[in-house]
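Please go through this structure with me, one question at a time. Short reasoning and a definite answer to each will do.

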Amino acid sequence: VHIRDRYGYYVGGEWLEPKETYTTIDPSSEEALAEVGQATDKEVGVAVEAAREAFQNGWSSLAGSERAKYLYRIARILQERSREFAVLESLNGGKPIRESRDVDLPLSAAHFFYYAGWADKLEYAFPNRKPKPLGVAGQIIPWNFPLLMLAWKVAPALAAGNTVVLKPAETTPLTALLFCDVLRQAELPPGVVNIVTGDGRAGAALVKSDIEKVAFTGSTEVGKAIQRELSGTGKKLTLELGGKAANVIFDDAALDQAVEGIVNGIYFNQGHVCCAGSRLLVQESIYEATIDKLKRRLATLRVGDPLDKNTDVGAINSAQQLDRIKELVASGEEEGAEIYQPPCRLPEKGYWFVPTV
């Protein structure tokens, strides 16, 4: 995979030079990967203007069957370049290459294929209504599934005739920036999709800008702040905020399979996924057997280099996320929880945490 030394913003089909930058790293080694733009209010405004112009000058009125062609092209190019994207996803995010290669990339391409199929069938999706595009959608995504989150946000927006300004997470911007080259290859009209990068300041600027829709995936705290900001403005809003729940095992369960499913759920993507169970509730009669199997399975997990195909658990995405994990584990111990960590040698550099129950 080729990584540039410096990235700006992809606006109106062109790269704009940033005034301010920050360094994005490989969390498994803490080595710098690239300098990336930190968008200001003004630069976000330029991206919104480009999206508005593209919306008014043809994209919104384009036949659904024609929009579908672009989505199909994007999906095919993602398939063709899947290895490149998978490596970059693991480099910048820390997740094992097996997951990037076998989950994130196939699903990202599949999502664009799926919405390409819907683009000319929206009237069937909403009977007795004539669906119309809203306008410019401002989209803010987290770091746990950078490319897949992009696909979830961008594909349906384009299928319905909207244009997009997307801000990826500040710690994992590189696959979104590489995606801009996919847009170029697919010959998507300039301004239909625009990518701006930066931390929460760039996201706040996008929320406050002149757009019709905000789509946010992230923390509940930030989601509530966005909801307060948009209250009374008439802007549309969709939020996906956390959502982890308990796993429950009863005594009639196939215990080996149950424990395997729980461990896979907890440690898939280092546990940074909304379906990872935050609690395990076990029927008392099988409690000891369950805990014993859980500990033995935990000891088999391989922690290490995300680009090694044998790795089960990769690097934690950032120093801030690692601190948060340590804080939560410490709070559990303070409240009286018994902690178990199998023997595990962690790499000397990077952000790592021993598998823990």
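The questions and answers below concern a predicted model.

Q: What is the distance between the end C-alpha atoms of helix H3, and what span should its residues give?
A: Helix H3 covers residues 82–93, which is 12 residues. At 1.5 Å a residue, counted for one less than the number of residues, the expected span is 16 Å. The end C-alpha atoms agree with this, as they are 16 Å apart.

Q: How many residues of H3 are buried?
A: Buried here means under 20% relative accessible area. The buried residues of H3 include Phe85, Val87, Leu88 and Leu91, and also polar ones such as Glu89, Ser90 and Asn92. H3 is therefore largely enclosed by the rest of the structure, and the count is 9 of the 12 residues.

Q: Which helices and strands are included in what covers the buried residues of H3?
A: A contact is a pair of heavy atoms within 4.5 Å. On the strand side, the cover includes E4 (21–26) and E5 (31–37). The helices included are H2 (64–80), H4 (97–118), H6 (146–159) and H7 (174–185).

Q: Which residue just after H3 takes a positive phi?
A: The phi value in question is about 90°. The residue that takes this positive value just after H3 is Gly94.

Q: Which helix gives the largest share of the largest nonpolar core?
A: The largest nonpolar core has 56 residues, and Leu78, Phe112, Leu158, Leu174, Phe179 and Val193 have the most contacts inside it. The largest share of this core is 10 residues, and these come from H6.

Q: How many residues does the other core have, the one that lies apart from the largest nonpolar core?
A: The largest core is the one in which Leu174 is among the residues with the most contacts. Apart from it lies another core, whose members include Val11, Ala39, Ala205 and Leu206. This other core has 21 residues.

Q: Which residues does Leu174 touch, leaving aside those up to four places away in sequence?
A: Two of the residues touched by Leu174 are Leu88 and Asn92, both of which are buried residues of H3. The full set for Leu174 is Ile3, Tyr7, Thr24, Leu33, Ala34, Val36, Leu88 and Asn92.

Q: What is the relative accessible area of Asn128, and is this residue buried or exposed?
A: Asn128 sits in the loop between helix H5 (122–125) and strand E6 (136–140). Its phi is near 65°, a positive value in a residue other than glycine. Most residues other than glycine have a negative phi. As for accessibility, the relative accessible area of Asn128 is 85%, so this residue is exposed.

Q: Where is Glu187, which has a positive phi although it is not a glycine?
A: The phi of Glu187 is about 60°. With a relative accessible area of 57%, Glu187 is exposed. Its place is in the loop between H7 and strand E8 (193–195).

Q: How many residues apart in sequence are the parts tied together by Arg81 and Asp181?
A: Arg81 and Asp181 form a salt bridge, with the closest N and O atoms 2.8 Å apart. Arg81 counts as buried at 14% relative accessibility, whereas Asp181 counts as partly exposed at 25%. Arg81 lies in the loop between H2 and H3 and Asp181 in helix H7, so the parts they tie together are apart in sequence by 100 residues.

Q: Which residues are linked in a network of salt bridges with Arg81?
A: A search of the whole structure finds 20 salt bridges, and one of them joins Arg81 to Asp181. The network that holds this pair links Arg81 with Glu84, Asp181 and Arg184.

Q: Which helices hold Asp256 and Lys293?
A: The closest N and O atoms of the salt bridge between Asp256 and Lys293 are 2.8 Å apart. Lys293 counts as partly exposed, at 23% relative accessibility. The pair ties together parts that are 37 residues apart in sequence, because Asp256 lies in H10 and Lys293 in H11.

Q: Which residues make a nonpolar surface patch of about 290 Å²?
A: One member, Phe250, is found in the loop between strand E11 (246–249) and helix H10 (255–267). The patch is made by Phe250 together with Val248 and Leu281.

Conventions. Residues are numbered from 1 along each chain as its sequence is written. This is a predicted model: local features need pLDDT of at least 70, side-chain atom pairs count only at pLDDT 80 or more; totals for chains, interfaces and linings use all residues. Side-chain values use heavy atoms; hydrogens and water are left out. Helices (H or I, at least four residues) and strands (E, at least two) are DSSP runs, numbered from the N terminus. Buried means under 20% relative accessible area, exposed over 50%, partly exposed in between (1.4 Å probe, protein chains only). A nonpolar core is a set of buried Ala, Val, Leu, Ile, Met, Phe, Trp, Tyr and Cys residues joined through side-chain atoms within 4.5 Å. Patches are made of residues with over 30% relative accessible area and no salt bridge: like charges are joined within 9 Å, nonpolar side chains (Val, Leu, Ile, Met, Phe, Trp, Tyr) within 5 Å. Accessible areas come from the Shrake-Rupley method with a 1.4 Å probe; for residues, only the protein chains shown count as cover. A salt bridge is a side-chain nitrogen of Lys or Arg within 4 Å of a carboxyl oxygen of Asp or Glu.
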